[in-house]
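Let's take a walk through this structure together, beginning with a sheet and ending in the core.

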Amino acid sequence: MPSTRVRYAHSRPGVSQPLLRQTNLRLVVASIYAADEPVSRARVAQQTGLTRSTVSRLVDELITGGFVDELDPLAAGRGRPAVPLRPAAHTLVALGLEVNVEHLCARVVDLSGNMVAEEWLPMRDVARDPATVLGMLGDAGRRCLAEVQEQNMRPVSVVIGLPGLVDRASDSVLWAPNLDWSDVRISDLIGDLGGLTPVLGNEADLAAYTVASPMPGKPSELQDFLYVSSEVGIGAALVRDGRVLSGENGWGGELGHIMVNPNGPVCVCGSTGCLEQYAGRHALLRAAGLPTTAALDDLLATLDDRDKAALAAVQQAGTSLGRVLASTINLLDVGTVVLGGDLVAIADHLLPVIEHELRAHVLTARWRTPQVQTVWFDPAPVATGATIFGLRQVLAEPARWL
Ligand SMILES: [Zn+2]
């Protein structure tokens, strides 16, 4: 667990009062949210280096503003009993919206990480045009927001995860090859969401936040890794020090379109032999002799029966993915790969093949073998990651919401 102990001078020359207040509020929030157990004001003062009276005043503001909950006082030997503090539940909430090739999902999550509303819409048998899809998703989001607002919760963030190249400046998805969307302005089609301005994000970038920070404001032990999102498409996100680094334009991480074989099949992106054509779900199912509408559990059943085509398909997918990951690791020096998405369902078969390729092709493998982990299967990690990303922004600027 990274230390949250950061000392700031209480009042430095040249530091304005609003800036100082913002900085101190952020420190107090970080101290309470990163703790494994509820903490007292005294403990927060000790961790932040702020005075007890400053901490008490700021904590009172945070309680009133819905950032922090106070629990019943603990009996103490001497002096005033300590009042434990923890992230607030059912107060400020974020809406996360996920556009997936096969489903849409709206989730609302509070500051304690509780999912307080959810709506799930399958995309099969639905027209794929942006107006229809985003209209449906917007309606699901509005129903979720109405549900939590009836319970007096306050939405403070809306983040939308999309499977493609996103341009926040123009509020657009530039290209989502697996949906056949290009230059789609999102806000116009999704409609008003509680008066909040939606922030757009790439699906793998957002899903990676569920690993870096499984609870809002609480860093996990893993802060440096490459997240691989494997579904029909394959994306990736490089996480350093708990933050996603997505490149100059935010377009990095397109692992699925790294070319594996120039003479390979034509990809949805127009190139040939992309990784997605070997290790994406549809490619994998096709190679195993199954329809692309089959579930990965069907593939798992054929693998358990030692079906030759299925075993060869997984061997090819794992080899391709392993080689691309080895090159990525050689380029970026990242020691841990986290495999998310639905390929996790066949990880027992896939991981040994990937690990073999990493041992063979990562230059530094003899000193430090790259670790490959899988995440607990969440059917909508992008929606969850969207809420975590949104709440991170809110927790970084608490004064804005008080
Ligand atoms: Zn491609």
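What is the order of the strands in the open sheet of five strands? The order is β5-β4-β3-β6-β10, and the pairing is mixed. Strands (E, at least two residues) and helices (H or I, at least four) are DSSP runs, numbered from the N terminus, and two strands pair if DSSP finds at least two bridges between them. Because β5 (115-122) and β10 (199-202) stand at the edges with a single partner strand each, one side of each has no neighbour in the sheet. On average, neighbouring strands here are turned by 20° against each other, direction ignored; the axes behind that angle are lines fitted to C-alpha atoms.

A word on the model: it is predicted, so local features need pLDDT of at least 70 and side-chain atom pairs count only at pLDDT 80 or more, while totals for chains, interfaces and linings use all residues. Residues are numbered from 1 along each chain as its sequence is written.

Within the sheet, β3 (residues 92-99) and β6 (residues 154-162) run parallel and are joined by seven bridges. Leu 95 has Val 158 in β6 as its bridge partner.

Leu 95 also leads us to the largest nonpolar core (buried Ala, Val, Leu, Ile, Met, Phe, Trp, Tyr and Cys residues joined through C-beta atoms within 7 Å). Of its 110 residues, Leu 95 is among those that touch the most other members, along with Val 28, Val 29, Leu 137, Ala 208, Tyr 227 and Val 228. Helix α10 (residues 308-332) gives the most to this core, with nine residues.

Ala 208 is one of the buried residues of α6, a helix (residues 203-212) with 10 of its 10 residues buried; buried means that 20 or more other C-beta atoms lie within 10 Å of a residue's own, placed from the backbone.

Notes:
Axes are lines fitted to C-alpha atoms, for helices over the stretch in contact, and angles run from 0 to 180 degrees between N-to-C directions. A residue is buried if 20 or more other C-beta atoms lie within 10 Å of its own, exposed if 12 or fewer, and partly exposed in between; C-beta atoms are placed from the backbone.
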